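The report that follows is meant to be read with the sequence and the three-dimensional picture side by side. Please look at both before going on, and return to them as each residue is named.

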Amino acid sequence: MTIQRQLLHPRYWPTWLGVAFMFVLAKLPQRLNYLVGKLLGSLFYYFASGRRHVAARNLALCFPELTETERRRLLKKTMQDQGIGLLEMLRTWFTPIDKLGVELEFVGEEHLDGDGQGVIVLGAHFTFIDLSAALIARSKRSDSFYRKQKNPVVEWILSRARGRYGEPIHRRDFKRALKSLRKGNRLFYLPDQDYGRKSAAFVTFFNNLAATTVATSTLAKGGRAKVVYIDQQRLEKGRRIRLEAIPLENIPSGDPDADARAVNAVIEENIRRAPEQYMWVHRRFKTRPEGAAKVY
């Protein structure tokens, strides 16, 4: 993608300076990249009070069995992992996929072959999700939803980076997504954030009611697609990523609420193996059932 001339206007020079700094960080060797990310995450723990508060509330809700000391320890590791994931994300933006220097263990990769049928590749917001998507795209190119950025320079950077993995589709352009699935393409989709009350079901997530999108069922039914969840975990300080493709054969079941529960269950099982690697800084319980108290 060539740079549009208007992006070189002086008003965007500060953004380009930031991009240059991110580029330098992205070019650090993998081990140093991991250590710098961990240090940055430690700073998040002490200075990003808003995000730390959200993460602390989420952990208190989802892991009530932990002692206060254990949750504080998990919170610190969670914030460190945000920094690690941020640096990994920059590497995926500015580094060719085949030169990321990360070993991939991919179990069940064959489940992403639809043989003419579309495949919804379900993921979740782990801190290394961009890295996982890039590694999958090396052999299984997948379209994906995206949110348009207000800053056109950032939008150009993201479109350039993620366009290597498949076609970016605006998150509200369901018609285009369904058309892609009906063509037999793969669509990478993350259903684990709070997208509001519309088109959501209140189903359990770590024994708490969470507004959960029913779009997985809508996409699977309308796109005549199968659904495969990608279980993911970062190992060996980021030197190895383990992915496992798990077919969710009962989706769509005809009951969107049951499908949402099934999706939450498989994501929860994935998170419990390494809870610090999940993005607890997102307000997962922002939308509350009628009459329920606010969480944050």
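Does N207 count as buried or exposed? Since this is a predicted model, the answer comes from computed values: N207 counts as exposed, because its relative accessibility is 73% and exposed means over 50%.

**Two residues with a positive phi**

N207 is found in the loop between β6 (200-205) and β7 (208-213), and it has a positive phi of about 65 degrees although it is not a glycine. R224, which is not a glycine either, has a positive phi of about 50 degrees. The place of R224 is in the loop between α8 and β8, and at 57% relative accessibility R224 counts as exposed.

The helix that R224 follows can be described in other terms: α8 (residues 215-222) is largely enclosed by the rest of the structure, because six of its eight residues are buried. The buried residues of α8 are A215, T216, S217, L219, A220 and G222.

Another feature of the backbone is the cis peptide bond that joins I251 and P252, where omega is about 5 degrees. P252 is found in the loop between β9 (240-247) and α9.

**Salt bridges**

Side chains of opposite charge can pair when their charged atoms come close. In this model the count comes to 13 salt bridges, and three of them are set out here with the distance between the N and O atoms.

| Positive residue | Negative residue | N to O distance |
|---|---|---|
| R234 | D81 | 2.9 Å |
| K140 | D113 | 2.6 Å |
| R272 | E268 | 3.0 Å |

What does the salt bridge of D81 with R234 tie together? D81 forms a salt bridge with R234, and because D81 lies in helix α4 (residues 68-94) and R234 in strand β8, the pair ties together parts that are 153 residues apart in sequence. D81 is buried, with a relative accessible area of 6%, and R234 counts as buried at 6% relative accessibility.

K140 forms a salt bridge with D113, and this pair links distant parts of the chain, 27 residues apart, with K140 in the loop between α5 (129-137) and β3 (143-146) and D113 in the loop between β1 (103-107) and β2 (119-122). K140 is buried, with a relative accessible area of 11%, whereas D113 counts as partly exposed at 31%.

E268 and R272 both lie in helix α9 (residues 256-273), where they are four residues apart, about one turn of the helix. Here E268 is buried, with a relative accessible area of 16%, whereas R272 is partly exposed, with a relative accessible area of 39%. Elsewhere, salt bridges that share partners join E105, E236, R240, R242 and E244 into one network.

**Around strand β8 and helix α3**

Q233 lies in strand β8 (residues 226-235). Why does Q233 count as buried? Q233 counts as buried because its relative accessibility is 19%, and buried means under 20%. Leaving aside its neighbours within four places in sequence, Q233 is in contact with F128, R240, I241, R242, R273, A274 and Q277.

R57 is found in helix α3, and R57 is partly exposed, with a relative accessible area of 28%. Not counting residues up to four places away in sequence, R57 touches V295 and Y296. The C-alpha atoms of R57 and F285 are separated by 9.6 Å, although these residues are 228 residues apart along the chain.

**Patches on the surface**

R51 is also found in helix α3 (residues 49-62), and R51 is partly exposed, with a relative accessible area of 46%. Which residues form a positive surface patch together with R51? The others are R147, R171, R172, K198, R283 and K286.

There is a nonpolar patch on the surface as well, formed by L43, Y46 and F47, which together have about 370 Å² of accessible area. The place of L43 is in helix α2 (residues 30-47), and L43 is partly exposed, with a relative accessible area of 40%.

Notes:
Residues are numbered from 1 along each chain as its sequence is written. This is a predicted model: local features need pLDDT of at least 70, side-chain atom pairs count only at pLDDT 80 or more; totals for chains, interfaces and linings use all residues. Side-chain values use heavy atoms; hydrogens and water are left out. Patches are made of residues with over 30% relative accessible area and no salt bridge: like charges are joined within 9 Å, nonpolar side chains (Val, Leu, Ile, Met, Phe, Trp, Tyr) within 5 Å. Accessible areas come from the Shrake-Rupley method with a 1.4 Å probe; for residues, only the protein chains shown count as cover. A salt bridge is a side-chain nitrogen of Lys or Arg within 4 Å of a carboxyl oxygen of Asp or Glu. Lys and Arg count as positive and Asp and Glu as negative; His and the chain ends are not counted. The place of a charge is taken as NZ of Lys, CZ of Arg, CG of Asp or CD of Glu. Buried means under 20% relative accessible area, exposed over 50%, partly exposed in between (1.4 Å probe, protein chains only). Contact means heavy atoms within 4.5 Å.
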